[in-house]
Amino acid sequence: MNLITEIEFDIRFSETDAMGVVWHGNYLKYFEDGREAFGKKYGMSYLDICSHGYLTPIVKSNINHKSPIYYGQRAKIITRLLPSKAAKIIFEYEIINISTNKISANGSTMQVFILEKSREMDLNIPDFYLEWESKLGIKK
């Protein structure tokens, strides 16, 4: 099963630099918005993960900047889960400038599971996450 979310958003003045272009650091925030929308849509939000005693910090991120988005334009973020056999969560992203229909950026993030109380990494995929994958028919 291919799990994807798409959300649209307006570029706010506070997200741009002196040239009116989205500041490069905001793309990671857009990636986070995509992950939150994904979690809500598919029933695996950060709060769901926390309720099982885990946190999922980002350990790797990658962004490729392709074309600018300006203040006042509209964009969308497409977020895809890449199934992994390891104890990690990998997402790919595309941010598209709706005004020009060009890809503004693409990239990925990798998260790992850590136990909330001890802050130690869990090298095994937690049972609750395996059950969630099974319920959605995610194949690795």
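1. In this predicted model, residues 24 or more positions apart supply 67% of the contacts in the protein chain that have a separation of 6 or more. Of the chain's 140 residues, 44% count as buried, and the C-alpha trace spans about 45 × 30 × 20 Å along its principal axes. The protein chain exposes about 8100 Å², of which carbon and sulfur atoms supply 52%.

2. The protein chain holds 3 helices and 7 strands, and a reader following these elements from the N terminus on will meet them in the order β-α-α-β-β-β-β-β-β-α.

3. Five of the strands deserve attention as a group: an open sheet of 5 strands is arranged in the order β1-β4-β5-β6-β3, with antiparallel pairing. At its edges stand β1 (4-10) and β3 (58-65), each of which pairs on one side only, and on average neighbouring strands of this sheet are turned by 15° against each other, direction ignored. Within the sheet, β5 pairs with strand β6 (residues 102-112) in the antiparallel sense over 10 bridges, and I95 stands opposite A105 in β6.

4. Helix α1 (residues 26-42) lies across β1, β3, β4, β5 and β6, and it runs at about 130° to β1.

5. Which residues do ring pairs link into a cluster? They are F31, F38, Y42, F91 and Y93, and a search of the whole structure gives 12 aromatic pairs. One pair that can be examined singly is that of Y54 and F128, whose ring centres are 5.6 Å apart and whose planes stand at 45°, so the pair is tilted. Because Y54 belongs to strand β2 (residues 54-55) and F128 to helix α3 (residues 127-136), this pair ties together parts that are 74 residues apart in sequence. Both Y54 and F128 are buried.

6. A further pair is formed by Y129 and W132, with ring centres 5.1 Å apart and planes at 40°, so that this pair is tilted. Since Y129 and W132 are 3 residues apart in helix α3, about one helical turn separates them. Y129 has a relative accessible area of 4% and is therefore buried, while W132 is buried with a relative accessible area of 5%; the cut-off behind this wording is that buried means under 20% relative accessible area.

7. Attention may next go to L3, which lies in the segment before β1 and, at 1% relative accessibility, counts as buried. Once its neighbours within four places in sequence are left aside, L3 is in contact with F38, Y42, T79, R80, L81, W132, L136 and I138. Among these contacts of L3 are F38 and Y42, which also belong to the cluster linked by ring pairs, as well as W132, whose ring pairs with that of Y129. The C-alpha atoms of L3 and P83, although these residues are 80 residues apart along the chain, are separated by 9.4 Å.

8. Is S84, a loop residue, buried or exposed? S84 lies in the loop between β4 (74-82) and β5 (88-97), yet because its relative accessibility is 10%, S84 counts as buried. The side chain of S84 reaches the backbone nitrogen of A86 at 3.1 Å, and, leaving aside its neighbours within four places in sequence, S84 is in contact with I90, I125 and K140.

Note on methods: Residues are numbered from 1 along each chain as its sequence is written. This is a predicted model: local features need pLDDT of at least 70, side-chain atom pairs count only at pLDDT 80 or more; totals for chains, interfaces and linings use all residues. Side-chain values use heavy atoms; hydrogens and water are left out. Helices (H or I, at least four residues) and strands (E, at least two) are DSSP runs, numbered from the N terminus. Buried means under 20% relative accessible area, exposed over 50%, partly exposed in between (1.4 Å probe, protein chains only). A polar contact is a pair of N or O atoms within 3.5 Å; within protein, one must be able to donate a hydrogen and the other to accept it, and residues adjacent in sequence count only if both atoms are side-chain atoms. Contact means heavy atoms within 4.5 Å. Two strands pair if DSSP finds at least two bridges between them. Axes are lines fitted to C-alpha atoms, for helices over the stretch in contact, and angles run from 0 to 180 degrees between N-to-C directions. Rings of Phe, Tyr and Trp (its six-membered ring) pair if their centres lie within 6.5 Å; planes under 30 degrees apart count as stacked, over 60 as edge-to-face and the rest as tilted. Accessible areas come from the Shrake-Rupley method with a 1.4 Å probe; for residues, only the protein chains shown count as cover.
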